[in-house]
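Biologist: I'd like to go through this model with you and check what stands behind the labels people put on it. Could you show it to me?

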Amino acid sequence: INKFSSFSSKIEPLIIVVFGSYIPKDFLKNFYQESIIIYTHSLLDMINNLEYKKDAWKNLKPILTILK
């Protein structure tokens with residue numbers, strides 16, 4: 001955690017995209033309070049199930065609006 005804490009204080013991302021559920025939401029929110037965090041399916045899930053791929057696209061589309 002100490003290494004991550006020192007690293008996280010050096011960057012201020014506008015958007016963070018998390019593929020899968022391995023990183024708890026509260027963990028990232030504690031370090032990146034000003035960032036928009038978007039969670040979606042893991043890449044492996046999307047490869048194995050096309051419905052997840054469609055759902056992930058719905059989750060990721062708002063990024064295009066945010067970045068304009």
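Modeller: Here is the model, and we can take the labels one by one.

Modeller: Keep in mind that this is a predicted model. The chain has five helices and two strands, and along the sequence they come in the order α-β-α-β-α-α-α.

Biologist: What share of the chain counts as buried?

Modeller: Of its 68 residues, 25% count as buried. The accessible surface is about 5600 Å², and 59% of that belongs to carbon and sulfur atoms.

Biologist: What makes a set of residues the largest nonpolar core here?

Modeller: A core takes buried residues of nonpolar kinds, joined through side-chain atoms within 4.5 Å. The largest such set has five members: Ile-16, Val-18, Leu-28, Tyr-32 and Ile-37. Leu-28 gives you a feel for the wiring: leaving aside neighbours within four places in sequence, Leu-28 is in contact with Ile-16, Val-18, Ile-23, Ile-37 and Tyr-39. As a general point, nonpolar side chains in soluble globular proteins tend to be buried together.

Biologist: Ile-23 is among those contacts of Leu-28. Why is Ile-23 called partly exposed?

Modeller: Its relative accessibility is 36%. Buried would need under 20% and exposed over 50%, so a value in between is called partly exposed. Ile-23 sits in the loop between β1 (15-19) and α2 (25-31), and beyond four places in sequence it touches Val-18, Leu-28 and Tyr-39. Ile-23 and Tyr-39 are 16 residues apart in sequence, with their C-alpha atoms 9.6 Å apart.

Biologist: Now Thr-40. How do you know whether Thr-40 is buried or exposed?

Modeller: Thr-40 has a relative accessible area of 8%, and the cut-off for buried is under 20%, so Thr-40 is buried. Thr-40 belongs to strand β2. Not counting residues up to four places away, Thr-40 touches Val-18, Phe-19, Gly-20, Ala-56, Asn-59 and Leu-60.

Biologist: What makes the pairing of Asn-59 and Thr-40 a polar contact?

Modeller: The limit is 3.5 Å between N or O atoms, one able to donate a hydrogen and the other to accept it. The side chains of Asn-59 and Thr-40 make such a contact at 2.9 Å. Asn-59 lies in helix α4 and is partly exposed, with a relative accessible area of 26%. Besides Thr-40, Asn-59 is in contact with Ile-38 and Tyr-39, again leaving aside neighbours within four places in sequence.

Biologist: Which residue has a side chain joined to that of His-41 by a polar contact?

Modeller: Asp-55, at 2.6 Å, against a limit of 3.5 Å. His-41 is in the loop between β2 (36-40) and α3 (43-48). Outside its sequence neighbours within four places, His-41 is in contact with residues including Phe-19, Met-46, Tyr-52 and Asp-55.

Biologist: And Ser-35, why is that one called buried?

Modeller: Its relative accessible area is 6%, and anything under 20% counts as buried, so the label fits. Ser-35 lies in the loop between α2 and β2. A polar atom of the Ser-35 side chain lies 2.5 Å from the backbone oxygen of Pro-13. Those two residues are 22 apart in sequence, yet 6.0 Å apart in space, C-alpha to C-alpha.

Biologist: How do you know that Lys-54 and Glu-51 form a salt bridge?

Modeller: Their closest N and O atoms are 3.6 Å apart, and the rule asks for a side-chain nitrogen of Lys or Arg within 4 Å of a carboxyl oxygen of Asp or Glu, so the pair qualifies. The count by this rule is one salt bridge.

Biologist: Why are Lys-54 and Glu-51 separated by about one helical turn?

Modeller: Because they are three residues apart in helix α4 (residues 50-60). Both of them are exposed.

Biologist: Last one. Which residues make the nonpolar surface patch?

Modeller: Leu-14, Ile-36 and Leu-67, with an area of about 280 Å². Residues in a patch need over 30% relative accessible area. Leu-67, in helix α5 (residues 62-67), comes in at 56%. That value is also over the 50% cut-off, so Leu-67 counts as exposed.

Note on methods: Residues numbered from 1 in each chain as written. Predicted model: local features only at pLDDT ≥ 70, side-chain atom pairs only at ≥ 80, totals over all residues. Heavy atoms only, no water. Helix = DSSP H or I, 4+ residues; strand = E, 2+ residues; numbered from the N terminus. Buried < 20%, exposed > 50% of the residue type's maximum accessible area, 1.4 Å probe, protein only. Contact = heavy atoms within 4.5 Å. Patch = residues over 30% accessible without salt bridge, like charges linked within 9 Å, V, L, I, M, F, W, Y side chains within 5 Å. Areas by Shrake-Rupley, 256 points an atom, 1.4 Å probe, with all protein chains shown as cover.
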